[in-house]
Each structure stands twice: as C-alpha cells, then as structure tokens.
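Me: Please take me on a close look at the pockets of this protein, and at the loops and packed side chains that go with them. I would like one connected walk that I can follow with the model open on my screen.

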Amino acid sequence: MTVALIDDDSAVLHSMRLLIESRDIPVACYESAEAFLDELPSARPACVVADVRMPGMTGLELQRELKQRNHEAPLILISGHADVSMAVEALKQGAFDFFEKPYDGERLAASVSDAVEKGRQRTSETNERDDIAERLKALSPRQREVLEFVASGMSNKQIAAKLNISPRTVETYRAWVMERIGAQNVADLVRKVSAFLPTDAK
C-alpha cells in the first residue's frame, strides 16, 4: 500500500521519502498535485501527504478535488505558512492530520502509519461492498424479497404468509440467499447487505 508524497520542494520531498521508507512503507513522489491527479485512478495510494502551498493546485484544493472524485485515501496536509483557521478548515473537511513545517519527523511518520492502516481498512471495506453489490444483482426478484424480509427480522412462517408460499419454500430461498451472499448467519447477512436495503427493510 503506497503513500503518495506531494511537495514542490524537491529537498523536502526527498527528506519525507527517506522518513516514510524507513518505516518500510513504499512511497511515490510527485512535485505537484496535478501530476498526482494525472495518475488517478490507476494510482490508489493508502495515504496522501501533500504540502498546502504549491504552485498551481494547493493542498486544500487537492483535498476538495479528491472529495469530488470520491477518493477515500486519508489525506495529511503540511504547510510552512499554516495558521489555526487553515488547520481547522482542513480537518473539518476531513483531513486525517495537519502539520506545520518544520514538522516532527517521528510524529509525521507515526501519523502516516496510522493513515495507511486506515486506508487499508477503507480499501477492504470498499472491495467487500463492491462484491456484495455484484452478488445482490445476481439474486432473482423472489430471492431479493426473501432477503429483505429476513433482514427485517421476519421468521420463515411470517415470510411464507406474506408471500403466500410454504415455510419450507421460504427456507430453501433463505438458504440460497445466504449462500449467494456468503453469509454465515442472519447477523452476518444483515451486516453485509444493510447498506443496500430500503430503510424499512433494515
């Protein structure tokens, strides 16, 4: 899981690279926000570290652009000219952390490590969500109905009465749904599909 380092000062960029690589975290360096954006979406870093004041697109503008693109990697911003209002605004907009130059190298490296772990979790969650979405598309309309009733807490007997079919048939549909979604039990099923169901089906 790579960390993207963005700074127009090549000396600072080199220093940050050595610092992060010393934690056995691979990095990719960019001298502008535009150069980084040119590599998206093929570049999917676990964390982005960007200077705030750069020629062209600033770090705060990059933050807004990444938000518009639904890029979920945690963003750490660094500035040599930061003020309190800038830091507060960046954090309000979802920045993972904010540092002023000269920054404490150990604290920055620790923050990057934490951000990388959070980025890994987000990537894993996104992959699982995409997988569940594909599995749901493969369900028949009747299987989808049974899924929604099961997720709402209804018993086989209640679902059978609702759909005018036998409880045994409901049990068969339920087993198919559990297998196709890859759920171990009802609680696991609800956790996996909750985000895709109508509010009244949760």
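Reply: Happy to. One cut-off will help along the way: a residue counts as exposed when its relative accessible area is over 50%, as buried when the value is under 20%, and as partly exposed in between. Asn164 has a relative accessibility of 71%, so Asn164 counts as exposed. Please keep in mind that this is a predicted model.

Let's begin with the largest pocket. The space in it comes to about 250 Å³. Its lining has 15 residues, and those closest to the centre are His71, Ala73, Gln93, Gly94 and Arg122. Two helices to find on your screen are α3 (59-68) and α5 (105-137), each of which supplies at least two residues of this lining. Of the contributing elements, α3 gives the most, with 3 residues. The lining is mixed in character: 6 residues are nonpolar, 5 are polar and 4 are charged.

Now turn to the second largest pocket, which holds about 200 Å³ of space. Here the lining is made of 13 residues, and Arg44, Glu72, Ala73, Thr123 and Thr126 are the ones nearest the centre. By class, this lining has 4 nonpolar, 6 polar and 3 charged residues. Did you spot Ala73 again? Ala73 is among the residues closest to the centre of the largest pocket, and Ala73 is also among those nearest the centre of the second largest pocket.

A good bridge from the pockets to the packed interior is Val48. Not counting neighbours up to four places away in sequence, Val48 is in contact with Ala4, Ile6, Phe36, Leu62, His71, Ala73, Pro74, Leu75 and Ile76. Two of these, His71 and Ala73, are pocket residues you have just met. Val48 itself belongs to the largest nonpolar core, a set of 24 residues in which Ile6, Phe36, Leu37, Val48, Leu62, Leu77 and Phe98 touch the most other members. This core draws at least two residues from each of β1 (3-6), α2 (33-38), β3 (47-51), α3, β4 (75-79) and α4 (84-92). Another core, of 21 residues, lies apart from it, with Ile78, Tyr103, Ala109 and Val116 among its members. In soluble globular proteins, nonpolar side chains tend to be buried together.

The loop between α3 and β4 deserves a pause. Arg69 lies in this loop. Its relative accessible area is 41%, so Arg69 counts as partly exposed. Leaving out residues up to four places away in sequence, Arg69 touches Leu37 and Leu40, and Leu37 is one of the best-connected members of the largest nonpolar core. Arg69 also comes within 9.4 Å of Pro41, C-alpha to C-alpha, although 28 residues separate them in sequence. Asn70 is in this loop too. Asn70 is not a glycine, yet its phi is positive, at about 55 degrees. With a relative accessible area of 60%, Asn70 is exposed, because that value is over 50%. For comparison, the exposed Asn164 sits in the loop between α7 (156-163) and α8 (167-181), and its phi is likewise positive, at about 60 degrees.

Next, look at a charged residue that is hidden from the surface. Asp7 is found in the loop between β1 and α1 (10-21). The relative accessible area of Asp7 is 1%, so this residue is buried. The Asp7 side chain reaches the backbone nitrogen of Asp9 at 2.8 Å and makes a polar contact with the side chain of Lys101 at 3.3 Å. Beyond four places in sequence, the residues in contact with Asp7 are Val12, Leu13, Met16, Tyr30, Glu31, Asp51, Met54 and Lys101. Following Lys101 along the chain brings you to a cis peptide bond, from Lys101 to Pro102, with omega near -5 degrees. Pro102 lies in the loop between β5 (97-100) and α5, and α5 brings you back to the lining of the largest pocket.

One last stop follows from there. Lys192, in helix α9 (residues 186-193), is another buried charged residue, since its relative accessible area of 16% is under 20%. Setting aside residues up to four places away in sequence, Lys192 touches Glu128, Ile132, Ile181, Gly182 and Ala183.

Methods
Residues numbered from 1 in each chain as written. Predicted model: local features only at pLDDT ≥ 70, side-chain atom pairs only at ≥ 80, totals over all residues. Heavy atoms only, no water. 1 Å grid on protein atoms, 1.4 Å probe; cavity = no way out; pocket = protein on both sides within 12 Å on 5 of 7 lines; lining within 4 Å. Points joined across faces, edges and corners; volume = space filled by probe spheres on them. Helix = DSSP H or I, 4+ residues; strand = E, 2+ residues; numbered from the N terminus. Nonpolar A, V, L, I, M, F, W, Y, C, P; charged D, E, K, R; others polar. Core = buried A, V, L, I, M, F, W, Y, C linked by side-chain atoms within 4.5 Å. Buried < 20%, exposed > 50% of the residue type's maximum accessible area, 1.4 Å probe, protein only. Contact = heavy atoms within 4.5 Å. Polar contact = N/O pair within 3.5 Å; in protein donor to acceptor, adjacent residues only side chain to side chain.
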